[in-house]
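This report examines side-chain packing, strand pairing and ring contacts in one protein structure. Please consult the sequence and coordinates shown here alongside the text.

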Amino acid sequence: MGFGGCDLWKGGHVAAMALALCLPAAGVAWAQDDAQALAGGPERSFQQSGEVLMQADELTYDRDTRVVTAAGHVEIAFGSRVLLADRVTYDETTGVVTADGNVSLLDPQGDVAFADRLVLRNEMKDGVIQTLRVLLSDKSRLAGHDVVRTGGNMTTLHRGVYSPCEVCEEKGQTTPLWQIKAFRVVHNREEQRIIYEDAYLEFFGIPVAYVPYFSQPDPTVKRQSGFLPPKLASSTDFGQEAEIPYYWAIAPDKDVTFSPRFTTKEGTIYKGEYRQRIESGQFKMFGTGTWPRTQQTGTPGDADFRGSLFGDGDFVVNENWRWGFQTELATDDTYLRKYDLSSATDLINNLNATYVDGRNSFTADAYYFRGLLTADQNATTPWVAPILQYNYSYPEQVAGGRVGFSANAMVLDRDSGASSRRISTQVEWDRRRTSAAGIVYRLFASLRGDLYSVDNVPNTAVPGATFDSTTIARGLPTIGTEWSYPLARSDNGFRQVIEPIVQLIYSPDIGNTVEIPDEDSLSFEFDDTNLFSENRFVGLDRWETGARANVGVRYAVFLPGGGQASALLGQSFRVNSNSSLTPDTGLSDQSSDYVGRVSVAPSNDLLVTYRFRIDDERYKVRRNEVNLIGQAGRVSGQFGYAYFAADQSVTFISREEVFLGATVTLDEYWRLFGRTRRDITNDRPVSNRIGVGYEDECFDFAVSFNQSFIEDRDIEPESSVTLQITLKTLGPARVAGGSGFD
């Protein structure tokens with residue numbers, strides 16, 4: 001650990017223990033010539049309940065007293081218990097085993113006990129020890145005097161000490177970083193608990209807390225009820241804060257974590273998580289709630305109660321079918337962000353069912369959405385129920401290519417605004433080949449048909465007016481080919497690959513009708529990821545039509561030392577301009593914007609990715625994104641920069657932002673960390689954080705100063721200091737994640 005680096009206790013025949021575990025599977029190994037005469041004495045006595053394996057440098061047997069004496073590197077294995085010592089005597093009459101000198105006893109649970117002398121009876125399950133030191137299976141340590149061991153289950157130590165921290169005497173340490181001292185310590189293996197009576201918690205040998213009674217699970221426990229490490233904070237919004245979680249292991253298949261957060265300004269925020277596994281799957285629910293002391297009139301915070309409920313589940317019906325759900329609910333728009341529960345600005349509720357059979361699949365979903373920003377209105381936020389998707393892949397090739405069929409059906413409605421019903425089907429054919437010269441080509445074709453029934457669709461030509469309710473049928477055939485020629489060159493371990501790509505696509509130039517509302521393709525974005533897509537719209541409400549060509553080149557270089565870099569540059573061309581695509585997409589003109597990506601990774605310690613989009617006429621940068629993740633010596637960090645031109649933003653205002661985060665490892669245990677995010681467009685910070693942390697084998701500590709400059713109704717800029725301390729191995733065990741049950 002950071003305050004040491006040496007073991008708390010020395011000695012113990014650790015190497016010998018490993019040897020003892022490898023003793024022969026049957027018989028007794030005797031070191032003397034009279035082994036045959038002694039065979040049957042000790043072995044007969046233990047034969048009633050198990051087999052004894054013994055090995056020693058010297059072995060004697062007194063026939064009169066019926067005492068076996070083993071000396072020199074004594075190793076005795078009885079079942080899963082192993083005893084090591086310099087000298088061991090066994091009295092056949094009483095069944096008492098006495099061990100002296102460098103005694104080590106390995107238990108089935110993986111604990112190792114060290115002593116100078118011990119007396120055992122009842123097949124080494126019971127015993128009395130003057131001074132005992134125990135190395136538990138999780139490498140924590142327990143020591144005490146006047147030790148009594150009964151039934152192979154209960155070990156009672158007087159004036160006991162427990163600590164998982166190592167101590168290095170070479171560096172002048174005399175006490176561990178923290179330890180528990182108690183008048184009496186009881187280790188109950190059957191109940192898997194370590195119990196302390198009249199206990200003191202010490203830091204650097206100084207008592208800081210006293211409890212008359214305290215217990216904790218032993219290292220064999222994976223899940224057990226109890227308090228988890230608390231979290232302390234002080235903030236301008238909530239005053240002094242303390243979060244004290246309690247974990248309740250209800251049963252092997254279910255548990256609850258209560259995490260009340262006490263604040264001096266806003267009262268208590270109650271939090272609780274319930275997790276359960278059932279035969280067919282698992283689910284978890286996380287609920288929060290508070291009765292705020294401060295209510296701001298005219299804001300979402302003007303309420304007597306504020307709360308949220310999040311959850312998810314996944315269940316298997318049979319080998320093909322499964323279903324699940326996702327729940328995200330909040331009483332108001334700002335509650336989650338105000339109380340630092342979540343940074344989400346959209347809530348999604350989903351119920352789904354899925355069928356998978358090889359390449360064929362069917363999904364059924366229902367969605368309910370809620371936006372949490374000021375501009376979001378519940379009346380215009382849609383719900384979708386159901387949305388059905390079916391995909392079928394024909395098992396045989398047709399004309400040398402693969403044939404697939406897909407169908408989609410959707411019902412979308414809202415309290416105020418457009419509603420639509422849709423049925424869509426598509427047949428696709430795709431053939432890929434590589435010629436003897438290394439040319440890769442692809443032929444593809446598709447035929448799609450849609451049927452829409454729409455109501456209350458806004459008429460963009462007449463503000464405030466809507467189109468009449470109508471039914472619209474449309475179809476679109478598409479054919480295309482793709483050609484690429486990857487060229488590779490290798491020279492002294494230096495490899496390069498360059499690949500020109502040309503894609504030609506034709507479909508009738510019918511555009512998109514404004515009478516079909518765009519519900520699932522609003523997030524359209526032209527970039528390097530969809531340069532060679534036949535249809536760049538992510539949904540079905542919009543499609544890309546007309547004759548077009550996508551042209552680009554890929555380049556990659558691989559260095560002998562393992563470094564690599566890659567680049568992609570491309571552009572799209574159209575025979576006719578597409579008026580159904582807005583200018584901000586960069587695709588409406590006959591020639592599109594330039595899009596590209598450059599990635600450089602000179603080693604495993606550095607990755608830089610640059611993505612861009614540049615106007616093809618004025619060469620104006622419309623999008624710039626830089627991401628860097630790297631490590632140099634003791635410093636690791638992340639840098640991000642993003643710029644979006646005004647026509648790339650939903651609000652039609654240019655956005656520019658930068659993010660920087662770093663961690664500096666001062667030594668093996670201490671670290672500094674920090675991060676900052678800044679809105680360059682408005683020249684103001686978004687959030688800051690800086691802190692210091694320490695972690696070793698027994699202790700985890702972190703303190704940080706945090707700032708948030710976000711403003712939204714009752715959410716105001718806030719500063720806080722957070723402190724979290726974890727005494728490892730102390731407290732209950734809680735398996736992380738929703739599926740980590742025994």
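The sections below treat the nonpolar cores, a set of paired strands, and the aromatic contacts.

**Nonpolar cores**

The structure is a predicted model. Its largest nonpolar core has 46 residues, and the members that touch the most others are L83, V88, L132, W178, Y196 and F699. Strand 3 (residues 67-78) supplies the largest share of this core, with 5 residues. Separate from it is a second core of 10 residues, including F524, L531, L568 and L587.

**Paired strands**

Strand 32 (residues 548-558) and strand 33 (residues 564-574) run antiparallel and are joined by 11 bridges. Within this pairing, V553 has L569 of strand 33 as its bridge partner. The hairpin formed by strand 32 and strand 33 has 5 residues between the strands, and G562 adopts a positive phi near 105° there. Strand 33 also pairs with strand 34 (residues 594-603), again in the antiparallel sense, over 7 bridges. In that pairing, V600 of strand 34 is the bridge partner of A565.

**Aromatic pairs**

Across the whole structure, 25 aromatic pairs are found. Two of them are set out below.

| Ring pair | Distance between centres | Angle between planes | Class |
|---|---|---|---|
| Y162 and W178 | 6.4 Å | 55° | tilted |
| Y669 and Y694 | 5.9 Å | 35° | tilted |

Because Y162 belongs to strand 9 (residues 154-163) and W178 to strand 10 (residues 178-188), their pair ties together parts that are 16 residues apart in sequence. Y162 and W178 are both buried, and W178 is also among the residues that touch the most other members of the largest core.

The other pair ties together parts 25 residues apart in sequence, because Y669 lies in the loop between strand 38 (655-665) and strand 39 (670-679), whereas Y694 lies in strand 40 (residues 684-695). Y669 has a relative accessibility of 15% and therefore counts as buried, the cut-off being under 20%. Y694, at 2% relative accessibility, likewise counts as buried. Both tyrosines belong to a cluster in which ring pairs link F203, Y669, W670, Y694, F699 and F701. One of these residues, F699, also appears among the residues with the most contacts in the largest core.

**Charges over rings**

Two arginines are placed over phenylalanine rings. R261 lies over the face of F238, 4.8 Å from the ring centre. The charged end of R495 is located over the ring of F558, at 4.7 Å from its centre; F558 is the last residue in the range of strand 32 (residues 548-558).

Note on methods. Residues numbered from 1 in each chain as written. Predicted model: local features only at pLDDT ≥ 70, side-chain atom pairs only at ≥ 80, totals over all residues. Heavy atoms only, no water. Core = buried A, V, L, I, M, F, W, Y, C linked by side-chain atoms within 4.5 Å. Buried < 20%, exposed > 50% of the residue type's maximum accessible area, 1.4 Å probe, protein only. Helix = DSSP H or I, 4+ residues; strand = E, 2+ residues; numbered from the N terminus. Pairing = 2+ DSSP bridges. Phe/Tyr/Trp six-rings, centres within 6.5 Å; stacked < 30°, edge-to-face > 60°. Lys NZ or Arg CZ within 6 Å of the ring centre and 35° of its normal.
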